[in-house]
Number of protein chains: 2
Amino acid sequence: MTAAGNHQASRSGRRLERAGIRDVAAAAGVSITTVSDALNGKGRLPDATRRHVREVANRLGYRPSAAARTLRTGRSGLIGLTVTTYGEEPFTFTEFAYFAEMARAATSAALARGYALVILPASSRHDVWSNVALDGTVVIDPSDHDPVVADLVRQGIPVVSDGRPAGNLPVHAWVDNDHEQAVLGILDHLADSGARRIGLLTGTSTDTYTRLSTTAYLNWCERVGQEPVYEAYPAHDPCAGAVAADRLLARPDRPDAVYGLFDPNGTDLLAAARRYGLRVPEDLLLVCCSERAAYATTEPPISTLSLKPGRIGTAVVQLLIDAIEGVGAGRPVAQVMPTDLIVRASSQRRSTRTTVSPPRSPEND
Amino acid sequence: MTAAGNHQASRSGRRLERAGIRDVAAAAGVSITTVSDALNGKGRLPDATRRHVREVANRLGYRPSAAARTLRTGRSGLIGLTVTTYGEEPFTFTEFAYFAEMARAATSAALARGYALVILPASSRHDVWSNVALDGTVVIDPSDHDPVVADLVRQGIPVVSDGRPAGNLPVHAWVDNDHEQAVLGILDHLADSGARRIGLLTGTSTDTYTRLSTTAYLNWCERVGQEPVYEAYPAHDPCAGAVAADRLLARPDRPDAVYGLFDPNGTDLLAAARRYGLRVPEDLLLVCCSERAAYATTEPPISTLSLKPGRIGTAVVQLLIDAIEGVGAGRPVAQVMPTDLIVRASSQRRSTRTTVSPPRSPEND
DNA sequence: CGCATATGCAGAAACGTCACTGCATCCCGG
DNA sequence: CCGGGATGCAGTGACGTTTCTGCATATGCG
């Protein structure tokens with residue numbers, strides 16, 4: 001009898017999968033165009049029609065096909081989160097806390113702007129990469145001439161990196177901490193706490209983080225007239241850190257304070273100090289760079305430098321979505337973020353007055 | 001005018017974005033069908049043609065449009081990873097280690113079978129959920145009558161849950177640990193180590209994990225004829241755990257061994273023990289359920305029950321992809337996984353030659 | 001009253017791919 | 001020499017949206 005009945009008949013032969021926009025149009029007695037416009041708030045439609053269509057769509061449980069929409073509009077609402085891989089597994093456990101927090105913040109930030117995150121390890125099979133329609137990608141710590149990044153950029157897909165891009169990767173923007181400033185702050189803090197000779201536990205790799213931090217340390221030493229005391233080890237090897245910590249404290253010119261650039265250095269140094277009968281913080285001041293909440297409850301609690309991965313994750317995503325939506329003029333953007341020094345017992349000597357920022361609980365912000 | 005010439009002409013006016021399948025067909029002098037077949041290994045084509053097409057496609061940097069393929073085939077190669085949210089943020093920090101490890105394993109497993117993972121917090125705006133074409137979803141610890149899950153199932157999208165589905169959520173499969181067995185194993189282990197009265201630190205919420213673990217404890221108590229000694233607290237509140245740990249050790253019927261169901265219980269109990277002057281493990285045996293590597297380096301190291309989130313993540317993804325690809329007959333599948341008890345100094349009384357206890361600083365805590 | 005403009009909607013062409021159908025060959029046995 | 005089955009490809013819809021264009025009516029204005 002009605003047009004709706006007619007349409008229903010014409011589709012009755014098909015299997016009754018999900019309702020499409022056609023079904024909604026038929027049920028509402030309007031055209032496909034009108035449904036699309038009503039649901040997307042476009043076109044010139046009186047509110048009555050809009051409401052009616054919405055109501056019918058709702059009743060039919062209509063969900064627009066994401067694939068069709070993506071194909072038509074060229075936007076998927078998906079952004080990639082590329083994480084460097086060591087061996088077969090994405091992200092090594094030494095970066096767990098940093099990555100987890102960064103991903104959490106990035107997810108929230110993306111969601112707030114209507115995007116979802118896809119986890120895509122850099123070493124993924126190529127077919128997986130090309131099988132997902134990305135509006136853009138975040139890459140964490142891209143290596144010198146990352147082929148994946150280059151490929152993406154060539155396809156015109158915006159890429160924003162966490163960490164200064166090495167080589168001259170053509171990323172659209174990057175975010176990084178102010179590593180020089182961070183190191184200088186720590187060294188000053190240690191000196192304020194009474195340190196006379198500050199050592200550094202650093203890495204052998206040439207990534208930007210290691211390089212910037214180490215040169216900042218060397219510059220500081222030169223400025224204050226201290227002989228540099230440091231040990232470098234391959235940071236990706238978890239056992240090497242313990243050995244390097246031991247070597248550092250075994251030296252004849254043993255430092256009375258140490259800053260460790262990597263997450264496990266705190267426990268490694270603590271263990272080494274114990275072996276040599278050094279009390280922390282009385283005989284040895286300790287700071288390391290880590291996001292681990294557990295350092296708040298070691299004996300003694302260890303001061304840490306937090307890179308604030310949450311802030312980084314948020315910033316990276318904002319920049320990426322800006323690039324996707326064409327907000328930023330399209331020129332590369334660099335954003336340097338401050339770090340947080342969380343001062344705990346391991347870097348404070350009772351004798352000296354409390355300095356710098358007050359101890360802060362790790363779960364804040 | 002040939003079809004190829006026609007196409008070329010019709011596309012000459014457009015901006016030269018990415019190469020499409022048409023461009024490849026034109027450049028290779030074959031039809032679209034042939035290109036598709038050659039690249040996907042279908043159809044009847046001699047190897048020479050196949051190679052030629054592949055070579056041309058490569059030269060043009062052709063990448064098939066994921067959106068078009070998804071629309072056509074009905075497969076996106078994307079699976080959702082839904083994580084419960086507390087407040088605005090996905091996953092609370094008490095579940096960090098578990099989630100990170102689980103996600104890592106799930107990502108690897110998915111990738112190995114050609115799928116990518118999309119992080120989708122359960123509380124996401126509905127439009128984000130419906131804007132991404134998912135082949136299936138993993139839900140972690142779904143709540144009783146999760147509307148999102150119900151909606152997905154209604155759309156015919158496979159859902160597999162990590163943790164027994166509460167209520168009767170119509171998931172296609174689930175994976176969970178054998179929590180009863182785990183608790184019994186721990187209690188036996190503690191009893192073996194000489195515990196006479198074992199206490200439990202548990203939660204007030206009614207989720208399956210808490211419920212199963214607690215009843216397993218109560219059953220064990222009844223079997224061996226011990227009066228239950230436990231404190232329950234709201235597990236999502238980080239401070240409440242410390243208070244509960246304190247209460248447990250303050251009781252007149254103080255236990256000489258405690259199992260804590262939640263991640264922070266180890267440090268909480270350790271701190272409480274210190275306050276009451278109890279030595280671990282001499283006066284108090286300790287085990288808690290956690291994935292934190294840091295428990296290996298506390299003073300003393302604390303025995304932990306690992307739920308093996310990696311195994312869970314892998315299993316969940318395998319089950320999901322099986323369901324997507326129609327491998328499993330389509331009937332619900334349940335899979336119960338064993339746990340790992342990692343025995344450290346905190347729960348062993350015999351071999352007390354664990355680590356050297358450092359000279360305690362009298363003024364600190 | 002007539003013309004211009006606004007309003008409400010419908011038609012149809014994409015978006016880029018895959019899969020079904022079908023048309024030529026070619027080969028081979030009878 | 002002919003019929004039938006391989007073989008190698010090309011045409012042609014869909015898939016389910018969005019969006020551009022356009023056609024009717026209403027509405028305003030001189």
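A salt bridge here is a side-chain nitrogen of Lys or Arg within 4 Å of a carboxyl oxygen of Asp or Glu. By that rule, chain A and chain B share 4 salt bridges. The model is predicted. This briefing covers the interface between the two chains.

**Extent**
- On chain A, 53 residues make contact with chain B, which contributes 56 residues.
- About 4400 Å² is buried between chain A and chain B. Carbon and sulfur atoms give 63% of that area.
- A:Arg63, A:Ile119 and A:Glu299 supply 13% of what chain A buries against chain B. No other three residues supply more.

**Polar and charged links**
- One salt bridge joins the side chains of A:Arg274 and B:Glu299, at 3.8 Å from N to O. That N to O distance of 3.8 Å falls within the 4 Å limit.
- The rule for polar contacts finds 8 residue pairs across the interface of chain A and chain B, with both residues at pLDDT 80 or more.

**Elements and composition on the chain A side**
- Several elements of chain A give two or more residues to the side that touches chain B, including helix H5 (66-73), strand S3 (89-90), helix H7 (126-131) and helix H12 (265-275).
- H6(A) provides the largest share of that side, with 9 residues.
- By type, the residues of chain A that touch chain B divide into 24 nonpolar, 16 charged and 13 polar.

**Strand pairing between chains**
- S4(A) pairs with strand S4 (residues 116-119) of chain B. The sense is antiparallel, over 3 bridges.
- Opposite A:Leu117 stands B:Ile119, in S4(B).

How values were computed:
Residues are numbered from 1 along each chain as its sequence is written. Chains are lettered from A and ligands numbered from 1 in the order in which they are written. This is a predicted model: local features need pLDDT of at least 70, side-chain atom pairs count only at pLDDT 80 or more; totals for chains, interfaces and linings use all residues. Side-chain values use heavy atoms; hydrogens and water are left out. Contact means heavy atoms within 4.5 Å. Buried area is the accessible area (1.4 Å probe) that two parts lose on being put together, summed over both. A polar contact is a pair of N or O atoms within 3.5 Å; within protein, one must be able to donate a hydrogen and the other to accept it, and residues adjacent in sequence count only if both atoms are side-chain atoms. Helices (H or I, at least four residues) and strands (E, at least two) are DSSP runs, numbered from the N terminus. Ala, Val, Leu, Ile, Met, Phe, Trp, Tyr, Cys and Pro count as nonpolar, Asp, Glu, Lys and Arg as charged, and the others, Gly among them, as polar. Two strands pair if DSSP finds at least two bridges between them.
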